[in-house]
Amino acid sequence: MHRERFYTLTASCPDQVGIIAKVSGFIAQNGGWILESSYHADDLTGRYFMRMEIKASSVPFMLAEFRERFRVAVAEPLQMSWQITDSSVKKRLVVLVSKQEHCLYDLLARWQAKELDIEIPCVISNHDTFRGFVEWHGIPFHHVPVTPDNKPAAYAEVQRIFEDVRGDCMVLARYMQVLSTDLCAKYPGRIINIHHSFLPSFVGAKPYHQAYERGVKLIGATCHYVTEELDQGPIIEQDVIRIDHSDSIEDMVRYGKDIEKTVLARGLRYHLEDRVLVHGNKTVVFR
């Protein structure tokens, strides 16, 4: 990550000859200094993916004008899906949690250490368990109970809070509720979840016990975007660790928590740094 302010351009478009030339040519013609660039041509989708970091001080006009010029000169002719973000504007992350603390603790520790250069305007939970811990960090805590009878109202409240605090992204830090279809549809590519790798084989309340009984030798985690289809959204990051017969159920649960924390933090960082491009269910992650 560069110390100096920069703009990040991410884009995908139908693959064709001359995409890099048109994009980099536009930036050069306007005095832009490219600090970093990554590209990927995907044969399966027939699309071209790119990410560029541009020194902000090298562009002789405001970001809004840069966006407008880029839209007219490059994006529309190439039929691009694109965005340009500013490194000086911190993204606002709203954390949702239930009763499992490990991902929440890890995210707040990384935020406090500035490993994640973000703002956390609030934490939302369907339980009151972590109010004291969250408020000790100076972060507002919202208790929004979720029951079979109040789900539409509860998720309307979650949406209201998210909008009120001007959230950019929602992260489900072991939030053990299924979000409503309306909420998922309203924020595509803006809600991130973590789940263990035993799905779909071992579902239910005790997946580690089921995996232990079957002699599973790998424990992993998947960080992904939330869609209306449960745990089937575009994948951002995954990892695994190996275990053997000497590991107990308690060992497996502990290993699982460790890898969930790591994979969630890594996937979240890729998202916050605009390193993830999505087309349908296809993801390209520029690490």
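**Entry 1: the four-stranded sheet**

I began with a single pair of residues: aspartate 42 has arginine 47, in strand 3, as its bridge partner. I keep in mind throughout that this is a predicted model. I then looked up the two strands around this pair, and I found that strand 2 and strand 3 run antiparallel and are joined by 8 bridges. Between them the hairpin has 4 residues, and there glycine 46 takes a positive phi near 70°.

Next I asked myself in what order the strands of this open sheet stand. I read the order as 2-3-1-4, for 4 strands with antiparallel pairing. Strand 2 (34–42) and strand 4 (81–86) are at the edges with a single partner strand each, so one side of each has no neighbour in the sheet. I also noted that neighbouring strands are turned against each other by 10° on average, direction ignored.

I followed the other edge as well, where strand 1 (residues 6–14) and strand 4 pair in the antiparallel sense over 6 bridges. Along this pairing I picked out threonine 10, whose bridge partner in strand 4 is glutamine 83. As a reminder to myself, I wrote down that strands of a sheet pair through backbone hydrogen bonds, either parallel or antiparallel.

**Entry 2: helices on that sheet, and a ring pair**

I turned to the helices that lie on these strands. Helix 1 (residues 19–29) packs on the sheet and touches strand 1, strand 2 and strand 3 (47–55), while its direction makes about 20° with that of strand 3. Helix 2 (residues 63–75) lies across strand 1, strand 3 and strand 4, and it runs at about 160° to strand 4.

I searched the whole structure for aromatic pairs and noted 9 of them. For phenylalanine 26 and phenylalanine 70 I found ring centres 5.6 Å apart and planes at 70°, so I entered this pair as edge-to-face; the cut-off for that name is an angle over 60 degrees. Which parts does the pair tie together? Phenylalanine 26 lies in helix 1 and phenylalanine 70 in helix 2, so the pair links parts that are 44 residues apart in sequence.

**Entry 3: the seven-stranded sheet**

I then looked up another open sheet, which has 7 strands in the order 7-6-5-8-9-10-11 and mixed pairing. Its edges are strand 7 (141–143) and strand 11 (235–242), each of which has a single partner strand, so one side of each is left without a neighbour in the sheet. From one strand to the next, I noted a twist that averages 20°.

At the strand 11 edge, I found 7 bridges that join strand 10 (residues 218–225) to strand 11, and the two run antiparallel. Here threonine 222 stands opposite glutamine 238 in strand 11. I also checked helix 3, which packs on this sheet and touches strand 5 (92–97), strand 6 (119–125), strand 8 (169–172) and strand 9 (191–196), its direction making about 165° with that of strand 6.

**Entry 4: helix 8 and its partners**

I continued with helix 3 (residues 102–112), which packs with helix 8 at an angle of about 45°, the axes being 9 Å apart. The two are therefore oblique to each other, and their crossing is right-handed. In this contact, His102, Cys103, Asp106, Leu107 and Arg110 in helix 3 meet Lys257, Glu260, Lys261, Leu264, Ala265 and Leu268 in helix 8. I sorted these residues into 5 nonpolar, 1 polar and 5 charged.

Helix 8 (residues 249–272) also packs with helix 7 (residues 207–214), at an angle of about 120° and with the axes 10 Å apart. I asked whether helix 7 and helix 8 are oblique or parallel to each other. I entered them as oblique, because the angle is about 120°, and I noted a right-handed crossing. Tyr208, His209, Ala211 and Tyr212 in helix 7 meet Ile249, Met252, Val253, Gly256, Lys257 and Glu260 in helix 8. These residues divide into 6 nonpolar, 2 polar and 2 charged. I underlined Lys257 and Glu260, which appear in the contact with helix 7 and also in the contact with helix 3.

**Entry 5: a hairpin**

My last entry concerns strand 12 (residues 276–279) and strand 13 (residues 282–285), which pair in the antiparallel sense over 4 bridges. Leucine 277 stands opposite valine 284 in strand 13. The two strands form a hairpin with 2 residues between them, and glycine 280 in the turn has a positive phi of about 65°.

Methods:
Residues are numbered from 1 along each chain as its sequence is written. This is a predicted model: local features need pLDDT of at least 70, side-chain atom pairs count only at pLDDT 80 or more; totals for chains, interfaces and linings use all residues. Side-chain values use heavy atoms; hydrogens and water are left out. Axes are lines fitted to C-alpha atoms, for helices over the stretch in contact, and angles run from 0 to 180 degrees between N-to-C directions. Angles under 35 degrees count as roughly parallel, over 145 as roughly antiparallel, 65 to 115 as roughly perpendicular and the rest as oblique. A crossing is left-handed if the near helix is turned anticlockwise from the far one by less than a right angle, and right-handed if clockwise. Contact means heavy atoms within 4.5 Å. Ala, Val, Leu, Ile, Met, Phe, Trp, Tyr, Cys and Pro count as nonpolar, Asp, Glu, Lys and Arg as charged, and the others, Gly among them, as polar. Two strands pair if DSSP finds at least two bridges between them. Rings of Phe, Tyr and Trp (its six-membered ring) pair if their centres lie within 6.5 Å; planes under 30 degrees apart count as stacked, over 60 as edge-to-face and the rest as tilted.
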